[in-house]
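Please look over the model below with its strands, cores and charged pairs in mind. A short report follows.

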Amino acid sequence: TKSWTTGWRAPYSAIVCKDDSTVWAEDSSGKTIASGEAGVDDASVIQRTIDKVYNEGWGGKVVLKGTFDIYPATKYITIRNMNSIHLYGGKLIIHDYPDSWVYGIFVENSSNIVIEKLSMDANEVTAESGLGAGIVIRGSTNVIVKYCELLNFRQFAMVIGSDAGQTTTNINILYNYITSKNIRDAIGSLSRGVEFSNVKIIGNTIIKSGKPGAAMTIIGCPNLLIANNYCKGSIILGGEEGINEQFTISNNIVRRTVDGTSTEIGVTSSSNGARDGIIIDNQVDGQIYVWGYDDNTRASDIWIVGNKTYGYEVYGIYSKYSDRIYIMLNEMKGTQYDLILNNVKNSYVFFNKFTTVSLGYGTTNITFKHNIGYTTENSGAAAFSGDGTTTDFEIGAHGLVITDPSKIAVKVTPVSQDAIDASPCVGYVDPADNTKIRVKFSSAPASGSENVKIVWYAEVIS
């Protein structure tokens, strides 16, 4: 039957169904509101249903029940200049590709839109060039895409952003599954205008391989949260317009693609720079980078905290043209260097685990403290046997990452009474062997067995 029991109203505004011959739509009372030939008119019937729900002021949910054939070169689905549309369920099969942005659903200049539990399969027939996407969200506010499947696209599964003069804000991409052998960027963005902000990308699974690109590339979006995603492919914040600021990239797992393409979490400056962000508690097979392009587009005030890189790429963490970068509590590993800082200033590297560092041209005022493997401070105790004549004693290896005496400060504190009586004393790097330190007393300590006891602290200074 194609109608509901008389008097019963369904928990939606309209439903679109399909059998072998017909595609049709009914309102909540079971009245047919649109129909057409199955496999030919699917997109048209879905579109007419959405239009009627909005134009009649019904609001609420439009349910898709079944598998629908979409030929976007002829017709795709638009939600344009609308409010309060909830598209739920169904599967869209994409059969061809147009020379346009959209292959499936275009949300533009609309608000309070939900797309939920929709499956969309492009069958990898979409163009290998061009910019088409399964779902495009542009110039819209309060949009949620959740629990959807976007399969087998070659360019983008989803694009969000603003064109000139538009505002796109409060966009939530939640718990979706996106996969393809040849996809470019699973989630991409368009930011020709500056009014693009407040985007949350949370809990998604993105599996890509075969083509260079990223799991997601977001351009110039203030107040961005990317959290709890599993990605085979990179997470990139970059672009030429807008600004990457007040962003959080948190608790994501970023794995290599099947073909071994490089993977990273990367933040690059736009023409306005990148600033005020945190990259925290991520696991990355490849690398993490924070880059400004030059002195006019420096990145600043960015925290890189609690991440783990697994050493499949040249570096573990890399920052350049940056100021006030706080690198803390990370475990970082690269094939050549664990950490690279080029033209980085006034920054801090605390409580990390790594061993190799490259400090490039223009890097100044970097404070290293309490790291494991790259030792910039060390301490210990020593005891010597006085003989009433000797004033200078070898303490031993300082264990620091550098041996330049001009960059090492040594402090010695006398502990035993005989050491105190022979003080003041001074610690210094052994000129005959710069890997060791010594202590010199102002007078010879008294004779005895290990009666001259001191504690020492050695530190790398800039």
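Two strands count as paired if DSSP finds at least two bridges between them. Strands (E, at least two residues) and helices (H or I, at least four) are DSSP runs, numbered from the N terminus. This is a predicted model, in which local features need pLDDT of at least 70 and side-chain atom pairs count only at pLDDT 80 or more, while totals for chains, interfaces and linings use all residues. Residues are numbered from 1 along each chain as its sequence is written, and side-chain values use heavy atoms, with hydrogens and water left out.

**Strand 16 and its partners**

Strand 13 (residues 141-146) pairs with strand 16 in the parallel sense, over five bridges. Here I144 stands opposite N172 of strand 16. Strand 16 also pairs with strand 19 (residues 195-202), again in the parallel sense, over seven bridges. T167 has E195 of strand 19 as its bridge partner. How enclosed is strand 16 by the rest of the structure? Strand 16 (residues 167-174) is largely enclosed, because six of its eight residues are buried. Buried means under 20% relative accessible area, exposed means over 50%, and partly exposed lies in between (1.4 Å probe, protein chains only).

**Helix 1 and the nonpolar cores**

Helix 1 covers residues 42-55, 14 residues in total. The expected span of a helix is 1.5 Å times one less than its number of residues. For helix 1 that gives 20 Å, and the end C-alpha atoms are 20 Å apart, which agrees. Its buried residues include A43, V45, I46, I50 and V53. Polar residues are buried in helix 1 too, among them D42, Q47 and T49. Just after the helix, G57 takes a positive phi of about 75°.

A nonpolar core is a set of buried Ala, Val, Leu, Ile, Met, Phe, Trp, Tyr and Cys residues joined through side-chain atoms within 4.5 Å. The largest one has 85 residues, and L92, I105 and L339 touch the most other members. Helix 1 gives the most to this core, with five residues. Contact means heavy atoms within 4.5 Å. Leaving aside neighbours within four places in sequence, I105 is in contact with residues including I77, L87, L92, L118, M120 and V136. Apart from the largest core lies another, of 19 residues, among them A382, V439, I454 and W456. In soluble globular proteins, nonpolar side chains tend to be buried together.

**Salt bridges**

A salt bridge is a side-chain nitrogen of Lys or Arg within 4 Å of a carboxyl oxygen of Asp or Glu. The structure holds 15 of them. Three are listed here.

| Pair | Closest N to O distance |
|---|---|
| E108 and R138 | 2.9 Å |
| R298 and D295 | 2.6 Å |
| K436 and E394 | 3.7 Å |

E108 sits in strand 9 (residues 102-108) and R138 in strand 12 (residues 133-138), so the pair links distant parts of the chain, 30 residues apart. Both ends are buried: E108 has a relative accessible area of 8%, and R138 has 13%.

R298 is buried at 15%, whereas its partner D295 is partly exposed at 49%.

K436 in strand 42 (residues 436-441) and E394 in strand 39 (residues 392-397) are 42 residues apart in sequence, so their pair ties those parts together. K436 is partly exposed at 26%, and E394 is partly exposed at 38%. Salt bridges that share partners join D392, E394, D430, K436 and R438 into one network.
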